[in-house]
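Let's take a friendly walk through this structure, one corner at a time. Have the sequence and the 3D view open as you read.

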Amino acid sequence: MEDRRIVDLFLARAEEAITALNEKYGRLCRRIALNILRNESDAEECQADTALAVWNSVPPHEPDPLLPYVCRIARNLALDRYRYNHAARRGGGADVLLSEIGDIVSDTEGAESEAMTAATASAVSDFLRLQKEDDRRLFVRRYWYGDAVEEIASALGITANSASVKLHRMRTRLRTYLKERGIDV
Amino acid sequence: MKREFFLKSIDGIDDDLLIEAFAENEQNKTIAKNGKIYWRWGVSVAACLLVGVSVWAAVPSVFMKASDNMAPEAAILPGDVHEEALFDAAVGIVPTDDADGDLKTEAASGNVSKNESFNEQSVFFIAKITEVNESSLLVEVTDKGSTALNKGTAAYVSTAFDAYVACAVGDNIRVEFDGFIQEVYPLIIPNVISISKNP
């Protein structure tokens, strides 16, 4: 079913909208959550919560495109769940992501205002647009979707080692890029 | 913590970047199967098959000569000669000589009649001279004689032997040789025994 049709169903408060959303994006949402949480049951809950969150937010929102909107909700819910779980134990998938991101940012405390977050996101987007398409996909799949390096490498037709090297170089370049733009990371 | 801040910042990257990566996500298996990985696989397999078929197509003529005229156990070539034949066949060269003189091959395409005796001293064909060179004649086969050469086939015939009597362009000649033919274009017949004018 097309995204527009799904959104229309949500706007019409038709319950089949949930089914249609799960059919189209349920697996992806669960995958995003699983990449962060590394727990099937938590991931399933996140998937269900995502559909509920979309139900509660559409309307008033009319997301277009629908995909990033749904994925962001799933990712944020997974990160919230991760933080909740993280209070008790360490070792989740986000730990690994945070560890790699350590190449880009320092561990020191810093301002985390909404404005700063938005500026950083914009700079990262600009940086990614300067990269080759495959490198961009590699970065986004790794650090946004949280996919395993081996899985991405397979999809891109490169070795996992090559993917890791590319990611490392991109992190280094991104750190330089952000510094040059006055973003203190 | 700044790392989490950064993770949060990444969340705000533009939608089109997410869609682009998602498209890859959804299609990754298809791309992997139809795209780079299997494409490379396919090329490798095709290359191996090509080499295999080339060897298979060329080697039988090597064995055919031996097996047609020798005892079955003798048809198995000595290791060195065999490997050499395989190598030559793979690179498109037909052996023209061998270590012990037992292996006498002609063109890999089967230019020798199966009825010919492998141990026969010589074979012959009739040809018309089209070019005279210092140590060879370029000829056009007009009668295959005891060979399997096709009529009209061009071949260089060596004249580097003692009994050679000078010929001229347009002469019809009978070429007797030991059966070796180098399969290049034109063919080369290096070991000529005699050349005589054919009326």
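A residue counts as buried when its relative accessible area is under 20%, as exposed when that area is over 50%, and as partly exposed in between. One thing to keep in mind throughout is that this is a predicted model.

**Salt bridges**

How many salt bridges does the structure hold over all chains? There are 18 of them. Three are set out here, each with the distance between the closest N and O atoms.

| Salt bridge | Closest N and O atoms |
|---|---|
| A:R31 with A:E151 | 2.9 Å |
| A:R129 with B:D14 | 2.5 Å |
| A:R181 with A:E180 | 3.5 Å |

Start with the pair A:R31 and A:E151, whose closest N and O atoms are 2.9 Å apart. This pair ties together distant parts of the chain: A:R31 sits in helix α2 (residues 16-37) of chain A and A:E151 in helix α8 (residues 149-156) of chain A, with their positions 120 residues apart. Is A:E151 buried, exposed or partly exposed? Its relative accessible area is 34%, so A:E151 is partly exposed. The pair doesn't stand by itself either, as A:R31, A:R141, A:D147 and A:E151 are linked in a network of salt bridges.

Now for A:R129 and B:D14, with their closest N and O atoms 2.5 Å apart. Here the link crosses between chains, going from A:R129 in helix α6 of chain A to B:D14 in the loop between α1 (2-10) and α2 (15-34) of chain B. A:R129 has a relative accessible area of 36%, so it is partly exposed. B:D14 has a relative accessibility of 30%, so B:D14 counts as partly exposed too.

As for A:R181 and A:E180, A:R181 is partly exposed because its relative accessible area is 43%. With a relative accessible area of 60%, A:E180 is exposed.

**Two helices in chain A**

A:R129 turns up again where two helices meet. Helix α6 (residues 114-129) of chain A and helix α7 (residues 133-143) of chain A have axes that come within 9 Å and cross at roughly 145 degrees. Which residues make the contact? On the α6(A) side they are A:V124, A:L128 and A:R129, and on the α7(A) side A:R136, A:F139 and A:V140. Sorted by type, the residues of this contact are 4 nonpolar and 2 charged, with no polar ones.

**Strands in chain B**

Over in chain B, strand β1 (residues 123-132) and strand β2 (residues 136-143) pair in the antiparallel sense over 6 bridges. The two form a hairpin, with 3 residues between them. To find your way along the pairing, look for B:I126, whose bridge partner in β2(B) is B:D143.

On to the next pairing: β2(B) and β3(B) also run antiparallel, joined by 5 bridges. A handy marker here is B:V139, which has B:A155 as its bridge partner in β3(B).

**A buried aspartate**

Where is B:D171 placed? Look in the loop between β3 (154-158) and β4 (172-177) of chain B. B:D171 is buried, because its relative accessible area is 18%. Its side chain reaches the backbone nitrogen of B:A168 at 2.8 Å. Leaving aside residues up to four places away in sequence, B:D171 touches B:A127, B:K128, B:I129 and B:K197.

How values were computed:
Residues are numbered from 1 along each chain as its sequence is written. Chains are lettered from A and ligands numbered from 1 in the order in which they are written. This is a predicted model: local features need pLDDT of at least 70, side-chain atom pairs count only at pLDDT 80 or more; totals for chains, interfaces and linings use all residues. Side-chain values use heavy atoms; hydrogens and water are left out. Axes are lines fitted to C-alpha atoms, for helices over the stretch in contact, and angles run from 0 to 180 degrees between N-to-C directions. Helices (H or I, at least four residues) and strands (E, at least two) are DSSP runs, numbered from the N terminus. Contact means heavy atoms within 4.5 Å. Ala, Val, Leu, Ile, Met, Phe, Trp, Tyr, Cys and Pro count as nonpolar, Asp, Glu, Lys and Arg as charged, and the others, Gly among them, as polar. Buried means under 20% relative accessible area, exposed over 50%, partly exposed in between (1.4 Å probe, protein chains only). A polar contact is a pair of N or O atoms within 3.5 Å; within protein, one must be able to donate a hydrogen and the other to accept it, and residues adjacent in sequence count only if both atoms are side-chain atoms. Two strands pair if DSSP finds at least two bridges between them. A salt bridge is a side-chain nitrogen of Lys or Arg within 4 Å of a carboxyl oxygen of Asp or Glu.
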